[in-house]
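Got the model open and a selection box ready? Here is a walk through it, stop by stop.

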Amino acid sequence: MPGGGPGPRVGRRCSAGAALLYLLACAKMGAPPGGPEDKVPPKLLATVPESVGVYPGWHEDVEFRFDEIVSEGSSPNQGLGTGDLEKLILLSPSSKVPVIHWKRSRIMVHPREGWKANRVYRVELLPGLSDLRRNRLDTTTVLTFSTGAALPADTLRGIAIDWVAGRVAAGALVEMILRPDSLVYRAVSDSSGRFNVGPLPHGDYLIYAAIDQNHDRRRGARESYDSAAVAGGAAVPPLWLIPRDTLPPRITQITSSDSLSATINFGQPLDPTQRFDSIGVTLRRQADSSLVPFHSVVPKELDDSLQRLARAQADSLQAAKDTTRRDSLKAGPPPKAPAPPRPPPGLRQGRAPKVDVVAESLLKTRPKLFSALVIRVDSAFVPESKYLVEISRIRSAAGVTGAARGVLAMPKRPPPPPATPPDSLKNKAPADSTGAKPALKGTARPASPSP
């Protein structure tokens, strides 16, 4: 070769070999095939900055750093609040969806409007973050820091109750509005309906708790909520969440339960303290506007209880009659004892379910809400007829009063069952008990021989 040096082909081979050695040296060593499956969720290593500190002039992203790559989720984060990571981050105080960046093992956050000076910020990472193997992190991480204001020291504690469902409001959105600046701090209640938010700036707060039905971390006008004013870090009273509709109750449907009763359904829960009688409720037959007498209008749950009690009394009387009849006849074998009730599925024997004593005692302080009434008439409804129900004054659980009216359309009377079951042997000749063969068509049967 000219010049005695290596040719172009040899140089290319050396470059390819060097590149291969470099890739092998930089390759990450993974778990050997067939090894134990990783079932450990990602672990938080650090936050930037550190929590509960004062950082004047802070303009960087807040970071959550983990020990492995975390999942970005399937829904992108576009500032609409619908992204998977956007649903896991609560940044307060801010009225906008924060800007979130995913960098493998790091999640970076900053307000869409930028950091403000002399303000206390609270960034909460909710449970739900997972790694690439779908191992889910079930703990909450809160980062609180100041951009110049004094360190916060107050804590707000309370409980949210879903009054409509009659249970604690797990996962309720909690908004704490600091007066007079109207800075909104957000949090989420735990599985027991409780919230414990702190540290927060000292001052007076207007607190809202709402059932976040669409999971957008914003309180909607149609969502059930309650509010309370708290002065100077005082205790937060229980929040009873109900729909706060400004319109009076409206009848959505009236259906017949049987020939003597009908169920009146409303579009919102009613005030459980009100009572209904013949003065405020009228029932008319629509054909001639004639009044139809009735003897009760009560909440559906109460009507069901009264009907069960009536059936139990009837069964008891019938059992007493049967006992008297057996005693008058020859004594037979004693009746079998009823089998003991089975425990609910999933409940281990000898271990009772956990009871939230505080929540149960709170629920007993207020009556249950209802959104359906049952009206029972003295005489049976006429089939294929329409009836007009009018309630002059009815009050919602939110305290809005108005009139309501609706129409009950009775269905057709069902056809009576057949008197006798259909006879498959009808039109079939009766069997001949003598065993003689039937005569052919057109021929006479021979006469029986005389004795």
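What follows is a tour of selections, from the whole chain down to single residues.

**Before you click**

This is a predicted model, where local features need pLDDT of at least 70, side-chain atom pairs count only at pLDDT 80 or more, and totals for chains, interfaces and linings use all residues. Residues are numbered from 1 along each chain as its sequence is written, and side-chain values use heavy atoms, with hydrogens and water left out.

**Whole chain**

Show everything as cartoon: there are three helices and 24 strands. Helices (H or I, at least four residues) and strands (E, at least two) are DSSP runs, numbered from the N terminus. Of the 451 residues, 33% are buried; that word stands for under 20% relative accessible area, with exposed being over 50% and partly exposed in between (1.4 Å probe, protein chains only). Turn on a surface and you are looking at about 29,500 Å² exposed by the protein, 55% of it supplied by carbon and sulfur atoms. These areas come from the Shrake-Rupley method with a 1.4 Å probe, and for residues only the protein chains shown count as cover. As for contacts (heavy atoms within 4.5 Å), take those with a separation of 6 or more: residues 24 or more positions apart account for 64% of them.

**Stop 1: strand E14 and its partners**

Select 204-210, which is E14. Six of its seven residues are buried. Now add 173-179, strand E11, which runs antiparallel to E14 and is joined to it by seven bridges. Pairing here takes at least two DSSP bridges between two strands. To see one of these bridges, pick Val-174, whose partner in E14 is Ala-209. Then add 225-230 for strand E15, which pairs with E14 over six bridges, again antiparallel. Ile-207 is the residue to highlight here, standing opposite Ala-228 in E15.

**Stop 2: Pro-201**

Step back to the loop between strand E13 (194-200) and E14, where Pro-201 sits. Is Pro-201 buried or exposed? Its relative accessibility is 14%, so Pro-201 counts as buried. Beyond its neighbours within four places in sequence, Pro-201 touches Val-120, Pro-152, Asp-154, Leu-178 and Tyr-185. Draw a C-alpha to C-alpha distance from Pro-201 to Leu-178 and you should read 8.1 Å, across 23 residues of sequence.

**Stop 3: two cores**

Next, look inside. In soluble globular proteins, nonpolar side chains tend to be buried together. A nonpolar core here is a set of buried Ala, Val, Leu, Ile, Met, Phe, Trp, Tyr and Cys residues joined through side-chain atoms within 4.5 Å. The largest has 24 residues, and Ile-264, Phe-266, Leu-283, Leu-373 and Phe-381 have the most contacts inside it. Elements giving it two or more residues include strand E17 (251-258), strand E18 (261-270) and strand E22 (370-377). A second, separate core of 22 residues includes Val-120, Ala-169, Leu-183 and Ala-187.

Zoom in on Phe-381: among its contacts beyond four places in sequence are Asp-258, Leu-260, Ala-262, Leu-283 and Met-410. While you are there, show E17 and E18, an antiparallel pair with six bridges. A hairpin of two residues joins E17 to E18, and Ser-256 has Ala-262 in E18 as its bridge partner.

**Stop 4: backbone oddities**

Most residues other than glycine have a negative phi, and most peptide bonds are trans. Where are the exceptions worth a click?

- Ser-92 to Pro-93 is a cis peptide bond, with omega near -5°; Pro-93 is in the loop between strand E4 (89-92) and strand E5 (99-103).
- Arg-179 and Pro-180 are joined by a cis bond too, with omega about 0°; Pro-180 lies in the loop between E11 and strand E12 (183-188).
- Asn-118 has a positive phi, near 55°, and counts as exposed because its relative accessibility is 55%.
- Ser-289 has a positive phi of about 60°; at 48% relative accessibility, Ser-289 counts as partly exposed.

**Last stop: Val-52**

Finish in the loop between strand E1 (44-48) and strand E2 (53-54), where you will find Val-52. Its relative accessible area is 45%, so Val-52 is partly exposed.
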